[in-house]
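Thanks, everyone, for making the time. I would like to walk you through one structure, starting from a single residue and working outward.

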Amino acid sequence: MKNLTPLAQTYVDRFSAASGSLPGHNSPAVAALRKSGLARFASLDFPGRKVEEWRFTNLTALTKGIKTTDAPANAALPAAEFETPHVMTFVNGRFSEQDSRLDRLPDGVKLTSLAAELDVGNSALLGTEADDKRAVVALNTAFMEDGVVLNAAPGVTLDAPILIRFVSVAGTGANAHHMRNVIHLGEKATVTLVEEHAGVDGHAYFANPVTDITLDKGARLNHYKYQAESADAFHLANTDTELAEGAVYENFALSTGARLSRNELETRILGGGAESILNGAYLMRGTQHCDTTTITRHLVPENVSRQIYKGILDDEAQGVFQGKIQIVPDAQQVSGDQLSRALLLSDRASVAVKPELEIHADDVKCSHGASSGELDEDALFYLQSRGIEEKTARKMLIDAFLADVLEEVSNDDVREYFAAVTARWMDKV
Amino acid sequence: MLEIKNLHATVGGKEILKGINLTIKAGEIHAIMGPNGAGKSTLSYVLAGRDGYEVTSGEVLYKGEDLLALSPDERASKGIFLAFQYPVEIPGVASATFLKTAYNAQRKYRGEPEVDAMEFLKLIREKTKELDIKDDMLKRAVNVGFSGGEKKRNEVLQMSLLEPDLMLLDETDSGLDIDALKIAADGVNRLRSPERAGLIITHYQRLLDYIVPDFVHVLADGKIVKSGDKSLAHELEEKGYAALSAA
């Protein structure tokens, strides 16, 4: 057997001891699932840079082992800023009832914790993933602790967004969280979900959330994610979404946190008239690294995907955008558009962009665009020449750069919330 | 108001201004004419404080103060306004936001109270009416999708709003048809007063029929080679710059 990276070896060594206390340990089906996850993980290891999909994101800092945290234990949870009647909170990977409020959910919306589902042996809600080549997903399957299990009955429309918080604080055994979320919307159900990942300053940890989403005919999920992990954290997220006929998936990822993060979205469009809308903004400074990787698979005719990602990179921050659009043979009358733009505020900041169109049908409309550049000096001088201070002028231009992608957030409250977050980030530019 | 003394400036290491001397007193309008490449736009950018325009010797006093030590926004707030030859398009910034931010930034700098949105709207509507500018322009992004004429009129609108003490107009006539030229000139003339001064940079005499200058200077190869009254502009129009440079 080949040598594993130090962190992977730790996981393999720990598995037997750990699995006895993980949720669902009494269920043979869950145990089998975990075991197969570990076996796949052990054969894959964390991807090195020779793996094509990971060419631009180097995990060495993670795989050599996470440093001991500097954060004080039992620091107060970062407060939730987004206000909504429905809140589900996970602290250090476990559902925290006292920080949650789920009693106002309407009939037809069932929200439970994954741990509870696994403890009753409900392994069926997790599909088979024998062919999955993603090491961190396999690792998640082996060690999954908890997460959101959301089921919306057909026709249900949820009045207000559900806020799901994943909060990391220092404390014993708190340096890795393998969250597993399973979301299913029945026919014509409509739900808005706001996912927030946060950690206390100075806390070093590895967050490895995996989310499986299934949208039945005509369902709509507005899925917003704010990644504000601590500056010492690693965040590797995978979200898989399947869309049936006429379903709409709107995703917006706002990322400001983590030392190293990757947000990977794979969308499988399985129905005509379905729409996949993936957008995002990442604001990075210092030596932060932020990777957005999307794979959009158009597997049947007559559907639509669009994507706009915008990044602002200051200091020595690095951005990565990899976007693949696949259109299989016979998936005619499909349109797929993708745009990636990065604004570099420093000459040491950088971005790597890899658009990939894999088109096997001839009656389709596809586009991709990528650009990166600095702030427009002409525009900056123009604003200053009217009496606007340089700092304010820069902010106006950065704001303008982000304006159109933020407009894509269809929920007004979330859009305002995200605008406030970006404004606060810009105050420190 | 403005004293330029032996001003030398380089752009990208190349000397463009080679010893400019010019004094503009309050109440005066001066015109600088000259062939392409004479350094006209460089002079306007040096006065407005653009990066990359390096003053190698000489000095510029504005109201007795060292102008070159001030940042572009400070110069603006102290009353200098440059109407750009090529106004810059700024996608994503609404014209109304831009104008209000600039207006209040200058007021704040001068220790005057900032105006609120309602007050500002009233003020800007007066100005757009004077300059025959449609209000919907205020909702559009700064200069984005504007025609050449609209951009120039937008410059004059900003100037009317900010009411500078020293107006610098860089080729404001280019791209304007005769009606738009008259409106723009009216905007400038409305601001003329014994307390204000202006420097009009132009290639053609046409604009000077509408904004009549007190003095006309000819700039060639980085120096003022001839100065006179408004009749000099007509002379240039008839004989051309070549004849004058030879003289």
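Before the first residue, one term: two residues are in contact if their C-beta atoms, placed from the backbone, lie within 7 Å. Please also keep in mind that this is a predicted model.

With that in place, which residues does F401(A) touch, once those up to four places away in sequence are left out? The contacts are K310(A), I312(A) and L343(A), together with G92(B) from chain B. F401(A) itself sits in helix 7 of chain A, residues 390-406, and it counts as buried because it has 21 C-beta neighbours inside 10 Å, where the cut-off for a buried residue is 20 or more. F401(A) and A342(A), although 59 residues apart in sequence, have C-alpha atoms 9.1 Å apart in space.

That leads to strand 19 of chain A, residues 334-344, in which eight of the eleven residues are buried, so the strand is largely enclosed by the rest of the structure. Strand 19 of chain A runs parallel to strand 17 of chain A, with ten bridges joining the two, and within that pairing G311(A) has A342(A) as its bridge partner. Strand 19 of chain A also pairs in the parallel sense with strand 21 of chain A, residues 364-374, over eleven bridges, and here L343(A) is matched with G373(A).

Let me step back to the domains. The assignment for chain A gives domain 1 as 6-375 and domain 2 as 376-429, and the C-alpha centres of these domains lie 27 Å apart. Where they meet, 22 residues of domain 1 of chain A are in contact with 21 residues of domain 2 of chain A. On the domain 1 side, strand 8 (190-199), strand 11 (220-228), strand 13 (248-255), strand 15 (275-284) and strand 17 (304-313) of chain A each supply at least two residues. By class, that side has 14 nonpolar, four polar and four charged residues.

At the start of domain 1, helix 1 of chain A, residues 6-19, deserves a check of its geometry: at 1.5 Å a residue its 14 residues should span 20 Å, and its end C-alpha atoms are 20 Å apart, which agrees. The helix nevertheless bends by about 35° at D13(A). Which residues of helix 1 of chain A are buried? They are L7(A), Y11(A) and F15(A), and in general an α-helix has 3.6 residues a turn, so residues three or four places apart point the same way. What covers the buried residues of helix 1 of chain A includes helix 2 (28-44), helix 3 (60-63) and helix 5 (135-143) of chain A.

Turning to the contact between the chains, 21 residues come from chain B and 18 residues from chain A. On the chain B side, the elements giving two or more residues are helix 2 (72-77), strand 7 (90-94), helix 3 (95-109) and helix 5 (148-162) of chain B, with the largest share, five residues, coming from helix 3 of chain B. That side has 13 nonpolar, five polar and three charged residues.

Finally, chain B has an open sheet of four strands in the order 2-1-4-5, with antiparallel pairing. Strand 2 (14-24) and strand 5 (65-66) of chain B stand at the edges with a single partner strand each, so one side of each is left without a neighbour in the sheet. Strand 5 of chain B pairs with strand 4 of chain B, residues 53-62, over two bridges, and in that pairing D66(B) is the bridge partner of L61(B).

Notes:
Residues numbered from 1 in each chain as written. Chains lettered and ligands numbered in written order. Predicted model: local features only at pLDDT ≥ 70, side-chain atom pairs only at ≥ 80, totals over all residues. Nonpolar A, V, L, I, M, F, W, Y, C, P; charged D, E, K, R; others polar. Pairing = 2+ DSSP bridges. Domains from an automatic or database assignment. Expected span 1.5 Å × (residues − 1). Bend = angle between axes of the 7 residues up to and from the residue. Buried ≥ 20, exposed ≤ 12 C-beta atoms within 10 Å, placed from the backbone.
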